[in-house]
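Open the model in your viewer and keep the selection panel at hand. We will go from one stop to the next, with something to select at each.

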Amino acid sequence: IICQFHDRIVRTLRQVQIAMEVGKPTNFIIEQVAEMSKMLQVFLDDLKAGVLLGSKFKIALKTLVEDLNQEGAFPIDVYVDQAIEDSISYDQGAELLHILREAIRNSVQYSHAKNGKVSVKVSETQILLEVSDNGVGFEFDLVGAQGHGLGKMALRAKEIGARLKVNSQPAKGTTIVIELPRKAEASNGTYS
(Lines give C-alpha, C1' and ligand atoms only; values in the text may rest on other atoms or scores of the structure.)
Protein backbone atom coordinates (compact mmCIF):
# COMPACT_ATOMS: atom_id res chain seq x y z
CA ILE A 1 0.00 0.00 0.00
CA ILE A 2 2.76 2.42 0.92
CA CYS A 3 4.67 1.67 -2.30
CA GLN A 4 1.55 2.22 -4.41
CA PHE A 5 0.83 5.48 -2.62
CA HIS A 6 4.44 6.61 -3.05
CA ASP A 7 4.34 5.84 -6.79
CA ARG A 8 1.07 7.75 -7.25
CA ILE A 9 2.40 10.79 -5.40
CA VAL A 10 5.68 10.74 -7.36
CA ARG A 11 3.75 10.53 -10.67
CA THR A 12 1.49 13.41 -9.67
CA LEU A 13 4.43 15.55 -8.53
CA ARG A 14 6.19 14.82 -11.82
CA GLN A 15 3.05 15.91 -13.72
CA VAL A 16 2.97 19.14 -11.72
CA GLN A 17 6.66 19.74 -12.42
CA ILE A 18 6.20 19.17 -16.16
CA ALA A 19 3.08 21.35 -16.19
CA MET A 20 5.01 24.19 -14.58
CA GLU A 21 7.96 23.76 -16.95
CA VAL A 22 5.76 23.92 -20.07
CA GLY A 23 3.68 26.77 -18.72
CA LYS A 24 0.36 24.98 -18.23
CA PRO A 25 -2.43 27.14 -16.80
CA THR A 26 -2.44 27.64 -13.04
CA ASN A 27 -5.85 25.94 -12.80
CA PHE A 28 -4.34 22.69 -14.11
CA ILE A 29 -1.59 22.80 -11.49
CA ILE A 30 -4.08 23.60 -8.72
CA GLU A 31 -6.22 20.61 -9.79
CA GLN A 32 -3.19 18.31 -9.68
CA VAL A 33 -2.25 19.50 -6.19
CA ALA A 34 -5.87 19.10 -5.03
CA GLU A 35 -5.90 15.55 -6.41
CA MET A 36 -2.68 14.81 -4.55
CA SER A 37 -4.26 16.16 -1.37
CA LYS A 38 -7.23 13.82 -1.82
CA MET A 39 -4.89 10.86 -2.36
CA LEU A 40 -3.07 11.74 0.85
CA GLN A 41 -6.33 11.96 2.81
CA VAL A 42 -7.51 8.57 1.52
CA PHE A 43 -4.12 7.06 2.32
CA LEU A 44 -4.20 8.44 5.86
CA ASP A 45 -7.77 7.19 6.35
CA ASP A 46 -6.74 3.74 5.12
CA LEU A 47 -3.68 3.77 7.34
CA LYS A 48 -5.73 4.78 10.37
CA ALA A 49 -8.32 2.07 9.62
CA GLY A 50 -5.51 -0.47 9.43
CA VAL A 51 -4.17 0.65 12.78
CA LEU A 52 -7.64 0.56 14.31
CA LEU A 53 -8.28 -2.89 12.94
CA GLY A 54 -5.64 -4.29 15.23
CA SER A 55 -8.19 -3.72 18.00
CA LYS A 56 -11.58 -5.22 18.53
CA PHE A 57 -14.26 -3.86 16.17
CA LYS A 58 -16.12 -2.20 19.04
CA ILE A 59 -13.02 -0.30 20.16
CA ALA A 60 -12.15 0.61 16.57
CA LEU A 61 -15.65 1.99 15.96
CA LYS A 62 -15.74 4.00 19.18
CA THR A 63 -12.29 5.42 18.43
CA LEU A 64 -13.43 6.31 14.91
CA VAL A 65 -16.51 8.17 16.21
CA GLU A 66 -14.43 10.07 18.77
CA ASP A 67 -11.86 10.97 16.13
CA LEU A 68 -14.42 12.22 13.61
CA ASN A 69 -16.31 14.20 16.22
CA GLN A 70 -13.26 15.90 17.78
CA GLU A 71 -14.75 19.34 17.46
CA GLY A 72 -17.76 18.21 19.48
CA ALA A 73 -20.21 19.13 16.73
CA PHE A 74 -22.93 17.20 18.59
CA PRO A 75 -23.04 14.17 20.87
CA ILE A 76 -23.02 10.81 19.10
CA ASP A 77 -24.18 7.79 21.10
CA VAL A 78 -22.52 4.50 20.16
CA TYR A 79 -23.98 1.06 20.82
CA VAL A 80 -22.15 -2.06 19.62
CA ASP A 81 -23.53 -5.54 20.20
CA GLN A 82 -20.74 -7.62 21.76
CA ALA A 83 -21.56 -10.49 19.36
CA ILE A 84 -20.04 -8.47 16.51
CA GLU A 85 -16.55 -9.59 17.54
CA ASP A 86 -17.23 -13.17 16.44
CA SER A 87 -19.56 -12.32 13.56
CA ILE A 88 -17.43 -10.52 10.98
CA SER A 89 -14.15 -11.12 9.23
CA TYR A 90 -11.24 -8.72 9.29
CA ASP A 91 -11.98 -7.71 5.67
CA GLN A 92 -15.65 -7.09 6.43
CA GLY A 93 -14.67 -5.03 9.47
CA ALA A 94 -12.31 -2.90 7.38
CA GLU A 95 -14.99 -2.15 4.79
CA LEU A 96 -17.60 -1.48 7.46
CA LEU A 97 -15.28 1.00 9.18
CA HIS A 98 -14.73 2.79 5.86
CA ILE A 99 -18.49 2.98 5.25
CA LEU A 100 -19.16 4.14 8.79
CA ARG A 101 -16.39 6.75 8.54
CA GLU A 102 -18.01 8.27 5.44
CA ALA A 103 -21.51 8.19 6.98
CA ILE A 104 -20.36 9.75 10.26
CA ARG A 105 -18.24 12.35 8.47
CA ASN A 106 -21.22 13.36 6.32
CA SER A 107 -23.42 13.62 9.39
CA VAL A 108 -20.90 15.76 11.29
CA GLN A 109 -20.19 18.03 8.30
CA TYR A 110 -23.61 18.49 6.74
CA SER A 111 -26.45 17.62 9.12
CA HIS A 112 -26.43 20.53 11.61
CA ALA A 113 -27.82 17.95 14.03
CA LYS A 114 -28.26 18.24 17.78
CA ASN A 115 -27.39 14.56 18.30
CA GLY A 116 -26.58 11.36 16.48
CA LYS A 117 -26.44 7.65 16.99
CA VAL A 118 -24.32 4.78 15.71
CA SER A 119 -25.50 1.27 16.45
CA VAL A 120 -24.37 -2.22 15.53
CA LYS A 121 -26.79 -5.07 16.21
CA VAL A 122 -26.29 -8.76 15.53
CA SER A 123 -29.11 -11.23 14.95
CA GLU A 124 -28.97 -14.85 13.88
CA THR A 125 -29.32 -13.90 10.21
CA GLN A 126 -27.76 -10.47 9.82
CA ILE A 127 -25.63 -7.66 11.15
CA LEU A 128 -27.36 -4.30 11.13
CA LEU A 129 -25.31 -1.10 11.30
CA GLU A 130 -27.04 2.24 11.55
CA VAL A 131 -25.83 5.84 11.57
CA SER A 132 -28.55 8.40 12.25
CA ASP A 133 -28.89 12.06 13.14
CA ASN A 134 -31.72 14.50 13.79
CA GLY A 135 -30.31 17.10 11.41
CA VAL A 136 -31.56 18.92 8.36
CA GLY A 137 -31.76 15.80 6.18
CA PHE A 138 -31.82 16.12 2.43
CA GLU A 139 -33.94 15.40 -0.60
CA PHE A 140 -32.51 12.08 -1.73
CA ASP A 141 -31.66 11.73 -5.38
CA LEU A 142 -29.15 9.21 -6.62
CA VAL A 143 -27.20 11.69 -8.73
CA GLY A 144 -26.86 14.32 -5.99
CA ALA A 145 -26.11 11.68 -3.40
CA GLN A 146 -22.90 10.72 -5.20
CA GLY A 147 -21.37 14.00 -4.05
CA HIS A 148 -21.81 12.97 -0.42
CA GLY A 149 -19.90 9.71 -0.84
CA LEU A 150 -23.03 7.55 -0.88
CA GLY A 151 -22.01 5.92 -4.15
CA LYS A 152 -18.65 4.94 -2.69
CA MET A 153 -20.36 3.65 0.46
CA ALA A 154 -22.79 1.54 -1.60
CA LEU A 155 -19.91 0.08 -3.62
CA ARG A 156 -17.98 -0.85 -0.46
CA ALA A 157 -21.12 -2.46 0.97
CA LYS A 158 -21.66 -4.47 -2.20
CA GLU A 159 -18.05 -5.72 -2.09
CA ILE A 160 -18.74 -7.50 1.21
CA GLY A 161 -22.24 -8.66 0.30
CA ALA A 162 -24.01 -5.97 2.33
CA ARG A 163 -26.84 -3.67 1.36
CA LEU A 164 -26.87 0.09 1.99
CA LYS A 165 -30.11 1.99 2.57
CA VAL A 166 -30.49 5.75 2.90
CA ASN A 167 -33.51 7.27 4.62
CA SER A 168 -33.56 11.05 4.63
CA GLN A 169 -36.07 13.84 4.36
CA PRO A 170 -35.60 17.57 4.68
CA ALA A 171 -35.92 18.69 8.33
CA LYS A 172 -36.31 15.07 9.51
CA GLY A 173 -32.73 13.87 9.73
CA THR A 174 -30.88 11.08 7.98
CA THR A 175 -30.40 7.39 8.67
CA ILE A 176 -27.86 5.21 6.86
CA VAL A 177 -28.45 1.48 7.29
CA ILE A 178 -26.03 -1.27 6.33
CA GLU A 179 -27.42 -4.81 6.31
CA LEU A 180 -24.80 -7.56 6.20
CA PRO A 181 -26.01 -11.16 5.99
CA ARG A 182 -24.48 -13.17 8.78
CA LYS A 183 -22.62 -16.30 7.79
CA ALA A 184 -22.21 -19.29 10.06
CA GLU A 185 -18.48 -18.54 10.36
CA ALA A 186 -16.71 -15.36 9.32
CA SER A 187 -13.86 -15.98 6.87
CA ASN A 188 -10.35 -14.45 6.90
CA GLY A 189 -10.23 -14.47 10.70
CA THR A 190 -12.35 -12.59 13.15
CA TYR A 191 -11.79 -9.72 15.52
CA SER A 192 -10.84 -11.49 18.67
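Which residue in S5 stands opposite Glu130? Select Glu130 and look across to the neighbouring strand: the residue opposite is Val177 in S5.

Before going on, a word on what you are viewing. This is a predicted model, in which local features need pLDDT of at least 70 and side-chain atom pairs count only at pLDDT 80 or more, while totals for chains, interfaces and linings use all residues. Residues are numbered from 1 along each chain as its sequence is written, and side-chain values use heavy atoms, with hydrogens and water left out.

**Stop 1: colour by confidence**

Colour by pLDDT (the predictor's confidence in each residue, from 0 to 100). The chain averages 82, and 82% of the residues score at least 70. Now select residues 185–192, where the pLDDT is below 50; in the model this stretch has 26 contacts beyond near neighbours in sequence. A contact here means heavy atoms within 4.5 Å.

**Stop 2: the sheet**

Next, show the strands. Helices (H or I, at least four residues) and strands (E, at least two) are DSSP runs, numbered from the N terminus. Two strands pair if DSSP finds at least two bridges between them. You should find 5 strands in an open sheet with mixed pairing, in the order S1-S2-S3-S5-S4. Strand S1 (76–80) and strand S4 (163–168) stand at the edges with a single partner strand each, so one side of each has no neighbour in the sheet. On average, neighbouring strands of this sheet are turned by 10 degrees against each other, direction ignored.

Walk through the strand pairs:

- Select S2 and S3: they pair in the antiparallel sense over 7 bridges, and a hairpin joins them through 3 residues. Val118 stands opposite Val131 in S3.
- Select S3 (residues 126–133) and S5 (residues 174–181): this antiparallel pair has 8 bridges. Ser132 stands opposite Thr175 in S5.
- Select S4 and S5: they are antiparallel over 6 bridges, and Leu164 stands opposite Ile178 in S5. These two strands form a hairpin with 5 residues between them, and Ala171 in the turn has a positive phi of about 70 degrees.

**Stop 3: helix H3**

Add helix H3 (residues 57–68), which lies across S1, strand S2 (116–122) and S3, running at about 170 degrees to S1. Axes are lines fitted to C-alpha atoms, for helices over the stretch in contact, and angles run from 0 to 180 degrees between N-to-C directions.

Now add helix H4 (residues 90–110). H3 and H4 pack at about 25 degrees, with their axes 10 Å apart. The two helices are therefore roughly parallel (under 35 degrees; roughly antiparallel is over 145). Show side chains and look for Phe57, Leu61 and Leu64, among the H3 residues that meet H4, and for Leu97, Leu100 and Ile104, among their partners in H4. The residues of this contact divide into 11 nonpolar, 1 polar and 2 charged. Ala, Val, Leu, Ile, Met, Phe, Trp, Tyr, Cys and Pro count as nonpolar, Asp, Glu, Lys and Arg as charged, and the others, Gly among them, as polar.

**Stop 4: H4 and H6**

Finally, keep H4 and add helix H6 (residues 150–159): they pack at about 160 degrees, with their axes 9 Å apart. That makes H4 roughly antiparallel to H6. Select Glu95, His98, Ile99, Glu102, Ala103 and Asn106 in H4, which meet Met153, Arg156, Ala157 and Glu159 in H6. By class, this contact has 4 nonpolar, 2 polar and 4 charged residues.

Key. Parallel < 35°, antiparallel > 145°, perpendicular 65-115°, else oblique.
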